[in-house]
Amino acid sequence: MSRRLTFDIFRYNPNDPKSRPRTERFTLDETEGMTLFIALNQIRDEQAPSLAFDFVCRAGVCGSCGMLINGRPGLACRTLTAALPDTITLMPLPAFELIADLSVNTGKWMRGMSERLETWVHLEQAPEIDALELAMEPEQAEAIYELDRCIECGCCISACATARMHPEFAGAVGLNKIARFRADPRDRRADPDYYQLVGDDQGVFGCMGLLGCHDLCPKKLPLQTQIAHLRRGMLKSALGKS
Amino acid sequence: MKAIYTDVLIIGGGLAGMRTAIGVRRRGLETLVLSLVPAKRSHSVAAQGGMQASLGNCLRGSGDDEDVHFQDTVRGSDWGCDQRVARMFTHMAPKAVRELAAWGVPWNRVAAGEQEAIINGQRVVLQEHASAHGLITARDFGGTRKWRTCYTSDGTGHSMLYSVSDRAIAESIPVHERREAMSLIHDGARCHGAVVRDLITGELLIYLARATVMATGGYGRIYGISTNAIINEGIGQALALETGVARLANLEAVQFHPTAIVPAGILVTEGCRGDGGLLRDRDGHRFMPDYEPEKKELASRDVVSRRMAEHMRAGNGVESPYGDHLWLDITALGAAHIEKKLREVKDICHYFLGIDPVREWIPVRPTQHYSMGGIRTDHQGQSPWLGGLFACGEVACWDMHGFNRLGGNSVAETVVSGMLISEYVADFCAGREGELNLSSELAGDFLEREQRHLDTLQSSGPRGENAMEIRREMERIMTGKVGLFRTGERLQEAVKGLEALPCPRVSLPRERFWDIPVPKIDSPTRQPLLPRPSCAHHDSVPHIAAKLLVRNSVMMTTMTLRRVGCAICMPYVTPYRS
Ligand SMILES: Cc1cc2nc3c(=O)[nH]c(=O)nc-3n(C[C@H](O)[C@H](O)[C@H](O)COP(=O)(O)OP(=O)(O)OC[C@H]3O[C@@H](n4cnc5c(N)ncnc54)[C@H](O)[C@@H]3O)c2cc1C
Ligand code: SF4
Ligand code: SF4
Ligand code: FES
């Protein structure tokens, strides 16, 4: 027998002067293999045409659909309703600017972070595209890819007490990016440069190490070890013996 | 009226758009990028398997060069591509890979010495040369004579888009996210920019530019089941079509990928077969060698998809509540390989099917995947009919893929075309034609028209037809009647069905595709069905969005069909001729 699911969904559109924050309740019949992507679309198509949320890839790779699912940040598109109780509460990710209902402006936050932390390979010179590429150890390439897999979904930010208090805090996503470029031999920056970017309370020293981020990252990035490594590197740098 | 000026307006923040932006910026031009979603969430991010470029570093790639790549591309296109474009492309692809490597893409590398691989179902040992150690490696893909597809595990598109986007951030290129181009501003001969809607506030804006570049991706979502992101609705193609001046081409050339999972339609990469995966039927029989003794599972995509459909029709499919499917078996590759090189595939199987591909077979069937057709341009990416309008990436048809795109050639095309076309755009801007000369009156007219469309829809309110139902019906028609195999009869039914849909109709002439008149200017235009923030005014705005979308999509599908209708003898309906 299929279940009847109850959804309690946060509704509020800050752009609409008449709108007030509230929770609305919807019910629908669960179908086999139903994901929150399917369920939310069904609710919008049939019951609440103005319901706002963000999906793009619907395959767990683009990072658009982070939300609080029964209080836990996660990717809605790859969450099966079968894994959830009969009543499902959906809230927008905290720490980001609310656009409406379940839609938050992660894009703006991520761009700001990228600009502050300069999350790009700093090259010695313009790439020489007509010559053979520089060799790289296969394991090194894999190690960079391991950290490159972050999808900027923002789940780690929502799980982070520091990020919620300090809007400029790099967060696990930012610290992981620094770790990624630090591991990349093509980037000419060295620890003193990174220290300038994350060697303070907005960076690695603002992190309280409670690791909500690590447990919740949908890509299972090794945030715990990366933050620890980075902290050690930055401490050394502060002590002037990088 | 709020107007924003720039030299080059780029509509689309995927790989094609971002690389073009970087190119024109390097030529000293002002540029900005519009995107429905944050740029890094564009559909390019989902590309898994890899990017073709004839580096020839790994053992199985040795002897490769741009000529071989060119021949594969032309043959793979069913001889339908523009060979000049294919030439330009295969020449540039290795350069593009190297540029991306410098920008940070962690391409997988050749490891010298004995390496295990699965070829044709057999475990073999390859002896990689010491001299190639650490250079960019490649995997096998369908329809290629060499191992040519460069990759980062199965997250190639992700790594590429992040590197290119980060490069654009480094060069301070603004991206106006959550903004949608609603129509192109033009005077019949020259494009001047676009009317744009802010998807947060609902406000309409004017963007004026010397050159406008469309990089809005494909139109997969006119089908009910597609591997594409849900924002890939052919918006860019429709914008161009609606000018009544720019033209589209090859819309019937729609690619069906052999291996999307059932029922979700999410892709698992061709790399699965490239790395040694097999296709099996209800009896566990490996059937591809029966049909294609030489290339087997790695024949080009259109061939494999058609053979699969044929095999299922002959009663060999696995029955399921969602229709028949076949199996993709990658168990022979082993846990270590899958966890390293096919980790997205593993995740997708885990989250969407609840299976472990290391031990279990994956249910797959051919599913809409790629749009070969699009905005017709010359080899420089410019519309021959509407000056100042350029297009590149999946939205465009400079005709590199003909009737079938080879796997791995698309992300390569996006970056290569960005590299090349940005130069042509910059040349255009440097010339006399490239000057901005536009009456603000014209821009105002376009803005007003767009506003009127929205108002009309809004005042009709959420009563009347249910846009979602119309959309579903459209998708059903496309999926059911305009699929992999097409017949004249079913196409006719499809045209009738689409025309009967209760939405503002566009009448198009039957005879000549090339001369499509402007669909009534005073009727509303498209809208993507991006679950959008409802905007300031009114609860019915999403309804407007849905209605616009339906109208647009129906227009696109009708267009597609018209073209297919006159192309029934094309390779898409007849079994493959080799
Ligand atoms: C699942 C999957 C896997 C794939 N794997 C591979 C692969 O392994 N190798 C390969 O070569 N190819 C692959 N492809 C194909 C390839 O990914 C795409 O063809 C390519 O990435 C398209 O890039 P693009 O830049 O042209 O468009 P997209 O990446 O789709 O970007 C389109 C952009 O346009 C914007 N946009 C659209 N409309 C508007 C509007 N009206 N106003 C403003 N902005 C707008 C969007 O926001 C987006 O930023 C795959 C495709 C799929 C579906
Ligand atoms: S680190 Fe993980 S949780 Fe944070 S943005 Fe990246 S993928 Fe999301
Ligand atoms: S470990 Fe640091 S970054 Fe992670 S949630 Fe805690 S404070 Fe935030
Ligand atoms: S929609 Fe892309 S990750 Fe969920």
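Colleague: How many residue pairs are in polar contact between chain B and chain A?

Modeller: In this predicted model, there are 34 such pairs, with both residues at pLDDT 80 or more. On the chain B side, helix H4 (156-170) is one of the elements that supply at least two residues, and H4(B) gives the largest share, seven residues. By class, that side has 40 nonpolar, 19 polar and 20 charged residues.

Colleague: What makes B:Lys340 and A:Glu142 a salt bridge?

Modeller: Their side chains meet at 3.5 Å, N to O. The cut-off is 4 Å from a Lys or Arg side-chain nitrogen to a carboxyl oxygen, so a Lys-Glu pair at 3.5 Å qualifies. Between chain B and chain A the count is seven salt bridges.

Colleague: Why is B:Asn57 called buried?

Modeller: Because its relative accessible area is 12%, and buried means under 20%. B:Asn57 sits in the loop between strand E3 (51-52) and helix H2 (66-76) of chain B. Leaving aside residues up to four places away in sequence, B:Asn57 touches A:Glu133, B:Val110, B:Ala132, B:Leu135 and B:Ile136.

Colleague: What does the side chain of B:Asn57 have 2.9 Å from one of its polar atoms?

Modeller: The backbone oxygen of B:Ile136.

Colleague: And which residues surround ligand 2?

Modeller: Among them are A:Cys150, A:Cys153, A:Cys155, A:Cys156 and A:Cys217, along with A:Glu152 and A:Gly154. The shell divides into nine nonpolar, one polar and one charged. Cys counts as nonpolar, Gly as polar and Glu as charged, so A:Gly154 goes with the polar class and A:Glu152 with the charged class.

Key
Residues numbered from 1 in each chain as written. Chains lettered and ligands numbered in written order. Predicted model: local features only at pLDDT ≥ 70, side-chain atom pairs only at ≥ 80, totals over all residues. Heavy atoms only, no water. Near = heavy atom within 4 Å. Helix = DSSP H or I, 4+ residues; strand = E, 2+ residues; numbered from the N terminus. Buried < 20%, exposed > 50% of the residue type's maximum accessible area, 1.4 Å probe, protein only. Polar contact = N/O pair within 3.5 Å; in protein donor to acceptor, adjacent residues only side chain to side chain. Contact = heavy atoms within 4.5 Å.
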